[in-house]
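Visitor: Please take a close look at one part of this structure, the nonpolar core and the polar residues described along with it. A single connected account would be welcome.

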Amino acid sequence: MSSSQLTLNFTEGSVSFNFTPEAARELKVTLVQLAERLKAVAARPAGGSQRPTPQKPIEYQYTGEVFLEVFCNPNIWPTPFSAKILLTLRDERLRVSTEVELTRTLEDVDRYLEQVG
């Protein structure tokens, strides 16, 4: 399976690594599901007497030349536009962990998928 460079942008800086189109599509599905769950919670009427049902965290893992893990607890973010994900990227010599905006990561994955066709 062929791979191309996926670039993920952070608040300060970015990282690029080999990633397959299939893995990018799987990551996009995970991120879109997270955004939809957050939209549903945000659409609930404020001040209701019923507490929202706690949601399970979202996790995604990819193992290739590098190991990529994405984690988000949707219970702590009021909207998809304010949500951040914990992103960890590592190989045998390097490990990077940072919080990244959900919407920015979705844009980066979409850009990658447009480039690879």
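Guide: Strands, like helices, are DSSP runs numbered from the N terminus, a strand having at least two residues. The model is a predicted one. Thr 88 is found in strand S5, which spans residues 84–90 and is among the elements that give two or more residues to the largest nonpolar core.

That core has 31 residues, and those with the most contacts inside it are Phe 17, Phe 19, Leu 68 and Leu 102. Two or more residues each come from strands S1 (4–9), S2 (14–19), S3 (58–63), S4 (67–72) and S5 (84–90), and from helices H1 (21–42) and H2 (102–116). H1 provides the largest share, seven residues.

Leu 68 offers a way from the core to Thr 88. Beyond its neighbours within four places in sequence, Leu 68 contacts Phe 17, Phe 19, Leu 27, Tyr 60, Gln 61, Tyr 62, Leu 87, Thr 88 and Leu 89.

Thr 88 has a relative accessible area of 5% and is therefore buried, the limit being under 20%. Its side chain is joined to that of Ser 97 by a polar contact of 3.1 Å. Residues up to four places away in sequence not being counted, Thr 88 touches Phe 67, Leu 68, Glu 69, Arg 95, Val 96 and Ser 97.

A second threonine, Thr 20, lies in the loop between S2 and H1. Thr 20 counts as buried because its relative accessibility is 10%. A polar atom of the Thr 20 side chain lies 3.1 Å from the backbone nitrogen of Ala 23.

Key
Residues are numbered from 1 along each chain as its sequence is written. This is a predicted model: local features need pLDDT of at least 70, side-chain atom pairs count only at pLDDT 80 or more; totals for chains, interfaces and linings use all residues. Side-chain values use heavy atoms; hydrogens and water are left out. A nonpolar core is a set of buried Ala, Val, Leu, Ile, Met, Phe, Trp, Tyr and Cys residues joined through side-chain atoms within 4.5 Å. Buried means under 20% relative accessible area, exposed over 50%, partly exposed in between (1.4 Å probe, protein chains only). Helices (H or I, at least four residues) and strands (E, at least two) are DSSP runs, numbered from the N terminus. Contact means heavy atoms within 4.5 Å. A polar contact is a pair of N or O atoms within 3.5 Å; within protein, one must be able to donate a hydrogen and the other to accept it, and residues adjacent in sequence count only if both atoms are side-chain atoms.
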